[in-house]
Amino acid sequence: MNRRVPRDFVSCIAGETLFKYAYVFMNFGGPLMARTGRRLAALVTFLVTVAACGSTTPAPVVATDVGITSTGILIGNTNALSGVAAAYGTISNASNAYYTYINNQGGINGRKITYKILDDVYNPANTVTLTKQLVEQDQVFAIFGGLGTQDQTSVRDYMNAQKVPQIFVYTGATTWGLDYTQHNYTLGWIPSYQAESHIYAKDILANHPNAKIGVLYQNDDYGLDYLKGLTDGLGAAASTMIVDKEIYDVTAASPAAQITKLAQKADTLFLFTTPTFTVKSLVVVTALHWEPNIYLNSVSNPRTTMGAASKAGAALKNVTSIAYLKDPTDPQWANDAGMTLYKTVIALCSTCDANNGFNISGVAAAYTMVDVLKKAGTNLTRRNVMDIAATQLNENNPFTLPGVVVKTSANDHFPISQMQVETWSGTGWTLQGSLIDVRGTIK
Amino acid sequence: MLQRIRNAPTRYGLVVVVIILLLGLPTVISSFQAGEWAQALILAIAIMGLNILVGYSGQLSLGHGAFMALGAYTSAILAHRYKVDYLLTIPIAGLLTGIAGFLFGVPALRLSALYLALATFALAVVTPSLIKRPVGLTNGVQGIILLPPDPPQLAKDAFTIVTGRAMTSDQWTYYVTLAFAFVLFWLAWNLVRHRAGRAMRAIRDGEVAAAASGVNIAGYKTLAFGISALYAGIAGSLYGMSTGFVNPDTFPFSLSIQLLVGAVIGGLASIPGPLIGGIFAYFLPIYSNQWVPTQTWIPSQIASAVEKAGPAVTYGALLIVIMIFAPNGIVGLITGSYARLRRRLRGAVDRESGQAPPESQTA
Amino acid sequence: MQEFMQQVVSGIAIGGIFASLALALVLIYNAMGLVNFAQGEMAMMATFIAFTLIDRGVSYWIAFPATLLIAFAGGVAIQRVVIRPVERAPVLTLVIVTLGLAALVNGMAGFIYGYLPRAFPSPFPVVTVNVLGVFVSYRDLGVIAVSGVVLLAIYLLLQRTTIGLTMRAAAHHPEASRLLGVNVSWMLALGWGLASAVGAVSGIMAAPILFLEPNMMQTVIIYAFAAAVLGGVDSPLGAVIGGLIVGVTVNLAGAYIPFVGGDLQLAVALAIIITVLVLKPNGLFGRPSVRRV
């Protein structure tokens with residue numbers, strides 16, 4: 001453990017000691033000191049102590065770490081701010097808005113958060129370089145909300161070897177929670193993709209047990225993870241229910257070929273696709289006059305994406321997805337305290353669209369981070385922060401759906417495991433039923 | 001001996017100085033920065049290979065990132081699956097990639113400049129998808145994680161004696177890269193000075209005339225492809241060592257572009273060009289954006305707008321500006337200015353004596 | 001059978017988009033013998049300008065020609081400011097400049113507009129009709145029709161007008177043209193302006209289908225290159241036919257060749273390029289170039 005004591009703490013103690021000695025000397029030093037001289041000495045030592053210790057009473061012993069000063073906490077981040085995955089870049093800006101909000105309220109125990117965001121253009125080689133820069137050159141306390149499964153995997157070993165928290169990684173890869181014991185400086189936040197697919201599987205088995213399922217999935221970890229969750233969730237029925245699986249690469253111009261094939265055999269369509277391909281797929285589905293039950297993954301379901309698809313001619317019939325956060329465009333949250341807070345916070349980010357679902361998730365994750373830092377209190381070390389985040393979290397987040405608890409324990413390291421099914425009404429998402437808890441189902 | 005040193009061109013002295021600087025660099029910079037310079041040298045090696053192809057033999061390639069990927073994955077698979085010592089995999093990867101490049105060069109003979117560019121461009125774009133396919137071999141989208149190389153005891157001791165600090169894996173990577181760079185640059189210098197280099201330049205400057213003079217066009221062109229691919233393969237292998245991770249997404253099409261940009265900015269058909277090109281190609285994209293807000297002479301609205309705009313904007317603008325002011329690359333700029341300076345100085349002398357100054361020679 | 005026809009039809013549809021961008025590439029190549037890597041980004045930026053106009057309430061039928069004029073002016077401006085200083089430089093320097101331009105334009109679009117995909121209006125109805133069991137979209141047909149119109153316009157301009165002749169002369173024989181009093185430099189600028197306008201048409205037609213975002217054209221441009229190469233880089237007709245062939249082949253290969261699958265569609269485009277070039281180095285409709293000693 002790294003106990004680094006801040007310099008001004010030392011001077012504070014020195015001032016205090018000086019004051020004590022001066023007091024003793026003055027009161028028992030006798031006539032050796034003239035009265036004005038004593039008063040002057042007292043005044044001087046008092047001023048020295050005040051200057052060194054601030055206007056508060058002397059602080060108790062504080063354990064801190066690299067990246068922490070008496071006035072600040074330095075947190076780093078890598079995200080795709082430009083390039084093919086840049087649609088997610090706004091998430092870091094949204095988190096930064098929340099940190100700014102907290103700083104405006106005085107920070108965490110007097111410390112203001114500095115959030116340094118670097119662009120890795122979704123290329124893991126850049127992530128490695130920038131992460132090393134943040135850790136070795138900028139000396140950050142932790143790296144929060146890193147985006148991109150491959151990008152974050154590429155630095156996981158390094159971060160754990162350096163014992164720097166890779167905290168609340170912003171990807172749904174199941175490995176973050178599953179492999180925590182081998183990499184106990186790495187932790188996820190958003191629900192795992194496999195957990196999400198498990199919920200879809202439950203929904204289908206309950207409501208459409210005879211469905212013929214076609215899956216369109218992206219040629220990367222994200223698509224594969226979702227697919228695995230669905231296959232596992234369907235269990236024995238998977239081989240009979242899934243009639244066709246089509247893969248695509250992000251370099252494809254259009255998913256028309258794959259959708260056409262799926263339309264031949266399936267009556268239910270799973271779209272494990274990123275936003276641009278989701279909208280293209282939805283349009284093609286309508287163009288083919290095909291009306292399957294559509295299951296849309298949570299990365300692509302923000303209302304802005306659905307609106308774009310609708311304007312381009314997609315019929316959007318029978319579309320199901322899940323939610324775990326409040327939708328900023330849902331009128332039922334108009335007067336909700338959490339939503340009001342979100343609107344206040346997001347106004348601090350000049351480039352953020354308040355209606356973009358990505359942004360509320362960025363704010364929500366930052367909320368959890370601040371919560372953890374507050375809980376760490378005076379033991380502001382990296383190990384303690386990781387322990388709290390990974391095993392002691394039990395938080396009601398104002399931005400998640402009511403009932404969702406951000407929770408971790410000694411044998412469960414998936415902070416969010418509750419989601420609710422929602423269906424598209426034509427103008428917005430309508431929540432169905434109640435929260436489904438899949439905690440503990442991912443092995 | 002002393003006479004030879006005194007008579008050697010100043011260029012050689014410069015080379016010695018650069019070598020000494022590069023050797024000593026990790027002792028004065030942080031470990032992280034040594035890692036960065038290692039990456040710049042890696043790009044320099046790949047750019048040297050590209051330069052042999054483009055600058056000396058006149059064939060354009062926009063797909064050298066693909067060769068780097070091949071080299072990186074060869075090393076990674078050998079090291080990860082077959083437990084071969086990583087250092088040993090580097091020359092193997094280079095050789096394999098060299099052969100692949102040679103084979104690619106054969107159909108490339110039929111393609112004229114533009115079409116070759118397009119074909120290699122398409123190759124670079126397709127490389128990530130091609131890597132993802134054979135999942136059993138390449139681990140598909142998840143990539144292969146490599147253990148950071150542990151410096152051998154001898155190197156560790158030597159480094160500690162000189163600097164008093166322990167050697168990190170980044171610093172060790174730097175020295176391994178530097179060693180390969182020395183050897184490969186020296187080999188390239190020899191290649192260029194002797195028969196093969198002359199043949200290639202003859203092909204570049206006039207293929208018909210070269211053929212008429214009896215130069216084996218097909219042979220030298222494919223040889224150039226093979227050699228340049230070998231360099232890229234070794235660079236790719238070192239790239240995997242430096243990043244600790246190989247993955248389809250670490251070899252996007254933009255890497256091939258980065259190499260070409262580095263080659264042109266450094267200066268084509270020169271030996272020091274790739275070194276300068278590598279430094280530019282590595283540091284420019286990362287720091288051009290971070291550098292702007294620190295410059296106080298730029299008005300703050302412009303600076304914050306540029307920073308928010310992302311690295312692509314500053315990078316693109318800088319590329320254009322550099323090319324306008326240095327169309328023959330930085331080496332071209334330096335030799336051009338040096339030649340002009342000499343002409344002017346000599347011209348001043350010769351005006352008195354009445355003789356015209358000699359024309360400056362190009363390599 | 002019906003599925004096969006459907007795949008062919010959707011291949012033709014996406015091929016129309018490739019064709020329209022390939023036309024712009026061919027125009028630039030005809031004007032200055034170089035491939036403009038920034039063509040796709042310029043087309044995307046022009047489309048964003050159209051989007052801004054339409055968003056502000058301008059009617060589509062005014063915004064469209066207005067954007068073409070702006071794109072034309074932009075192309076000329078870029079040639080004057082960025083390309084002309086390096087006119088005499090080696091070809092590769094020019095290539096790097098176009099690459100820098102591509103990065104610059106892409107970054108600026110991302111900065112100004114953000115990266116969320118947006119819907120873009122199309123003048124053609126969204127309806128698809130059932131033709132003998134195959135669904136054909138009016139919008140996709142519209143793209144092909146517009147590409148055909150642009151092709152005709154280019155042909156008429158280049159082959160049947162004096163200014164077209166002057167442009168071609170300036171491109172293929174700059175020294176001789178200068179001697180005849182042609183302002184070669186401004187002809188090049190004109191070529192850039194035209195290519196930029198054609199690119200704008202391509203972007204505006206493609207955006208309803210591809211969804212407008214800064215990276216919209218990045219995948220398309222590679223297929224457009226394949227189309228241009230297949231058809232012959234100096235032939236506008238080749239570009240259009242090449243585009244349709246590439247679209248259909250890529251679609252069918254992805255659907256029916258088990259080895260290819262949906263994730264290697266782009267590799268198919270690569271294979272097309274290489275195969276055509278090895279067998280027919282000048283493309284299907286290209287003119288063989290004679291190398292003089």
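Student: How much surface does chain B expose, and what share of it do carbon and sulfur atoms supply?
Tutor: Keep in mind that this is a predicted model. Chain B exposes about 16,500 Å². Carbon and sulfur atoms supply part of that area, and their share is 67%.

Student: What share of chain B's residues count as buried?
Tutor: Here a residue counts as buried when its relative accessible area is under 20%. Chain B has 363 residues to sort that way. The buried share comes to 53%.

Student: What radius of gyration does chain B have, next to a compact globule with 363 residues?
Tutor: Start with the expectation: with 363 residues, a compact globule would have a radius of gyration near 21 Å. The C-alpha trace spans about 75 × 55 × 55 Å along the principal axes of chain B. The chain's own radius agrees with the globule value, and it is 22 Å.

Student: Which secondary structure elements does chain B have, and how many of each?
Tutor: Helices and strands both turn up in chain B. The tally is 17 helices and two strands.

Student: In chain B, what share of contacts between residues at least 6 apart in sequence join residues at least 24 apart?
Tutor: A contact here needs heavy atoms within 4.5 Å. Take the chain B contacts between residues at least 6 apart, then pick those joining residues at least 24 apart. That gives 76%.

Student: Over to chain C: in what order do its helices and strands come along the sequence?
Tutor: Chain C has eleven helices and two strands to place. Read along the sequence, the pattern is α-α-α-α-β-β-α-α-α-α-α-α-α.

Student: Why is chain C as compact as a globular protein of that length?
Tutor: The globule rule gives 19 Å for 293 residues. Its C-alpha atoms fill a box of roughly 60 × 50 × 35 Å along the principal axes. Chain C counts as that compact because its radius of gyration is close to the rule's value, at 19 Å.

Student: What share of the accessible surface of chain C belongs to carbon and sulfur atoms?
Tutor: Of the 293 residues in chain C, 61% count as buried. The accessible surface of the chain comes to about 11,300 Å². The carbon and sulfur share of that surface is 70%.

Student: Last one, on chain A: which residue in E2(A) stands opposite A:Asn79?
Tutor: Strand E1 (residues 72-79) of chain A pairs with strand E2 (residues 112-119) of chain A in the parallel sense, over eight bridges. Together with helix H3 (residues 90-104) of chain A, E1(A) and E2(A) make a right-handed β-α-β unit. In E2(A), the residue opposite A:Asn79 is A:Asp119.

Key:
Residues are numbered from 1 along each chain as its sequence is written. Chains are lettered from A and ligands numbered from 1 in the order in which they are written. This is a predicted model: local features need pLDDT of at least 70, side-chain atom pairs count only at pLDDT 80 or more; totals for chains, interfaces and linings use all residues. Side-chain values use heavy atoms; hydrogens and water are left out. Two strands pair if DSSP finds at least two bridges between them. Helices (H or I, at least four residues) and strands (E, at least two) are DSSP runs, numbered from the N terminus. A crossover is right-handed if, with the strands pointing away from the viewer, the path from the first strand over the helix to the second runs clockwise. The radius of gyration is taken over C-alpha atoms; the globule rule is 2.2 Å times the number of residues to the power 0.38. Buried means under 20% relative accessible area, exposed over 50%, partly exposed in between (1.4 Å probe, protein chains only). Accessible areas come from the Shrake-Rupley method with a 1.4 Å probe; for residues, only the protein chains shown count as cover.
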